[in-house]
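Colleague: I am new to this structure and would like a close look at a single part. Please take the strand pairing as the starting point and work outward from there.

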Amino acid sequence: MILLTIDNNVNRPKIKDYPQITKAIHQGKLVLFIGAGLSRLAGYTSWDEYANKKVNWLVENLPSIKNNAQSDLIREKFLKLETKEKLTLCKYLLKNEKTKDDAQLMRPHEIDFLRSSNNTGNKEIEIYGYIRDIRAKYVTTNYDECIENA
């Protein structure tokens, strides 16, 4: 196994300097594991940041919460949950909200939830372009669809 990294300056490793990788590419045996660091480098939020943004949006926009006199306390309790619990709760609240179009109301904000406040702009295109150019199979746990869209 060979570990290659792309640093914050997006220095592209020279694949030709790694004959084992070149051979694996030609044989169709190269599999890339792409972790959250790539999405973070491209300007996307962590899972926890993403969940917190969704919770904050719900507290400020869903009538059943925003019209509640204790909405700040509700927010505080929600934000203390584990990330998966926050996302599950958001999904449940949207599904069960009596206002007809809340899911559609939230959808346009989804890109804001994904984008980090320290967005790196063009790096996203470069990084995912590098992966596309390698033409290898990949495994990822990332929630964004940047690889698929490259």
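Modeller: Strands β1 (residues 31–34) and β2 (residues 137–140) run parallel and are joined by four bridges. This is a predicted model. One of the pairings places valine 31 opposite lysine 137, its bridge partner in β2.

In a regular strand, side chains alternate between the two faces of the sheet. Strand β1 shows this alternation: Leu32 and Ile34 point to one face and are buried, while Val31 and Phe33 point to the other face and are not buried.

The buried face leads to the largest nonpolar core, which has 15 residues. Leu32 and Ile34 are among the members that touch the most other members, along with Leu30, Leu38, Tyr128, Ile131 and Ile147. Two or more residues each come from α1 (19–27), β1, α2 (36–41), α9 (123–134) and α10 (146–149). Helix α9 gives the largest share, four residues.

Isoleucine 147 ties several of these parts together. Leaving aside neighbours within four places in sequence, isoleucine 147 is in contact with Ile34, Tyr128, Ile131, Tyr138 and Thr140. Another core, of 11 residues, lies apart from the largest one and includes Leu62, Ile74, Cys90 and Leu93.

As for aromatic rings, a search of the whole structure finds one pair. Tryptophan 47 and tyrosine 50 form this pair, edge-to-face, at 5.9 Å centre to centre with 75° between the planes. Both residues lie in helix α3 (residues 47–61), three residues apart, about one turn of the helix. Tryptophan 47 is partly exposed, at 42% relative accessible area, whereas tyrosine 50 counts as buried, at 9%.

Note on methods. Residues are numbered from 1 along each chain as its sequence is written. This is a predicted model: local features need pLDDT of at least 70, side-chain atom pairs count only at pLDDT 80 or more; totals for chains, interfaces and linings use all residues. Side-chain values use heavy atoms; hydrogens and water are left out. Rings of Phe, Tyr and Trp (its six-membered ring) pair if their centres lie within 6.5 Å; planes under 30 degrees apart count as stacked, over 60 as edge-to-face and the rest as tilted. Buried means under 20% relative accessible area, exposed over 50%, partly exposed in between (1.4 Å probe, protein chains only). Two strands pair if DSSP finds at least two bridges between them. A nonpolar core is a set of buried Ala, Val, Leu, Ile, Met, Phe, Trp, Tyr and Cys residues joined through side-chain atoms within 4.5 Å. Contact means heavy atoms within 4.5 Å.
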